[in-house]
Amino acid sequence: MTALAEIARVAREVERWLLPAECLLCQEPVPEREGDALVCGLCRARWRPLPDPLCPRCGEPRRDPDPCRLCAEWPASLGRVRSAVRLEGGARALVHRLKYHGWWRAAEPMAASMRLLEPLTGRVCLIPIPLAPRRERERGYNQSERLATTLGRLMSLPVRTDVLRRVRNTGTQTALTPDERRANVAGAFAACASRAVRGRCVVLVDDVFTTGATLASAAEALSAAGAAQIEAVTFGRAG
């Protein structure tokens, strides 16, 4: 066991000792059979998957046969995007725990729910959406990187955190319209270590999908670096 792995093991043991064995969402005791899970099985069962039929490209549930307007203006470089659950209730609360409250192990149940998403088929390389350096310093970690790392470990997939960087700080997207979101993240990313993705199939990993503007901007940077196919997965889908 490497020194880093030993440190991680000790940290997990300390965390188990310090934290009560209760669900992070409902605060009820986690059944012993579920081990040290942060979210109990009942709360996970309440997460709503997206209902079929889905748009073949962006994964948005479709209610009519008309062409999907959500992904109509995406660049050709971004292919399929799939999300595990609706961003509501406990799923939304868990994203907030991960993103704003320092509960980085919340990535574990989130990643577990993403394992069967279609873009993860085959020998793909996972690339997390990077945060701006200042925001990552404030938060202490990048939630998308935590998700990608956990997903990679669960599925034995390689994770590259060194090929995509954010070259421009962007304001929060929360209150922006779709057009404003696209403008806000245009040119926000650049690929660095191009040889790592040239000719490869890559899957972007992020915590939440809203309009796809961030994923589309990141996909353009990876396409310029020579990636052969770019798809994406997220835990939650807003809207």
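**Aromatic pairs, a buried strand and an enclosed helix**

With a relative accessibility of 0%, F235 counts as buried, since anything under 20% falls in that class. The model discussed here is a predicted one. Two aromatic pairs turn up in the structure. In one of them, W47 meets F235 edge-to-face, with 5.3 Å from centre to centre and 80° between the planes. W47 belongs to the loop between α2 (41-45) and β1 (81-86), while F235 sits in strand β6 (residues 229-237), so this pair ties together parts of the chain that are 188 residues apart in sequence. W47 counts as buried too, because its relative accessibility is 9%.

W74 and F209 also make an aromatic pair, again edge-to-face, with the centres 6.1 Å apart and an angle of 65° between the planes. Here, too, distant parts of the chain are linked: W74 is in the loop between α2 and β1, F209 is in strand β5 (residues 201-209), and the two positions lie 135 residues apart in sequence. Both of these residues, W74 and F209, are buried. F209 has another partner as well, since R237 lies over the face of its ring, 3.9 Å from the ring centre. A similar arrangement is found at W104, where R146 lies over the ring face at 4.4 Å from the centre.

Strand β5 comes up again in the company of β2. The two strands pair in the parallel sense, and four bridges join them. Within this pairing, I127 stands opposite L204 of β5. The side chains of β2 split into two sets: C125 and I127 point one way, L126 and P128 point the other way, and all of them are buried.

C125 gives a closer look at β2, a strand that covers residues 125-128. Its relative accessibility is 0%, which means that C125 counts as buried. Neighbours within four places in sequence aside, C125 is in contact with P158, R160, R200, C201, V202 and V203. The C-alpha atoms of C125 and A196 are 9.5 Å apart in space, although 71 residues separate the two in sequence.

Next comes helix α8. Its twelve residues (213-224) should span 16 Å at 1.5 Å a residue, and its end C-alpha atoms are 17 Å apart, so expectation and model agree. Nine of those twelve residues are buried, which means that α8 is largely enclosed by the rest of the structure. The buried set in α8 is made up of A213, T214, L215, A216, S217, A218, A219, A221 and L222. After the helix comes G226, which has a positive phi near 100°.

R44, in helix α2, makes a contrast to the buried positions. With a relative accessible area of 33%, R44 is partly exposed. Its contacts, not counting residues up to four places away in sequence, are E34, A37, V39 and P109. The side chain of R44 also reaches the backbone oxygen of V39, at 2.3 Å. R44 and S113 are 69 residues apart in sequence, and the distance between their C-alpha atoms is 8.6 Å.

Methods
Residues numbered from 1 in each chain as written. Predicted model: local features only at pLDDT ≥ 70, side-chain atom pairs only at ≥ 80, totals over all residues. Heavy atoms only, no water. Buried < 20%, exposed > 50% of the residue type's maximum accessible area, 1.4 Å probe, protein only. Contact = heavy atoms within 4.5 Å. Phe/Tyr/Trp six-rings, centres within 6.5 Å; stacked < 30°, edge-to-face > 60°. Lys NZ or Arg CZ within 6 Å of the ring centre and 35° of its normal. Expected span 1.5 Å × (residues − 1). Polar contact = N/O pair within 3.5 Å; in protein donor to acceptor, adjacent residues only side chain to side chain. Pairing = 2+ DSSP bridges.
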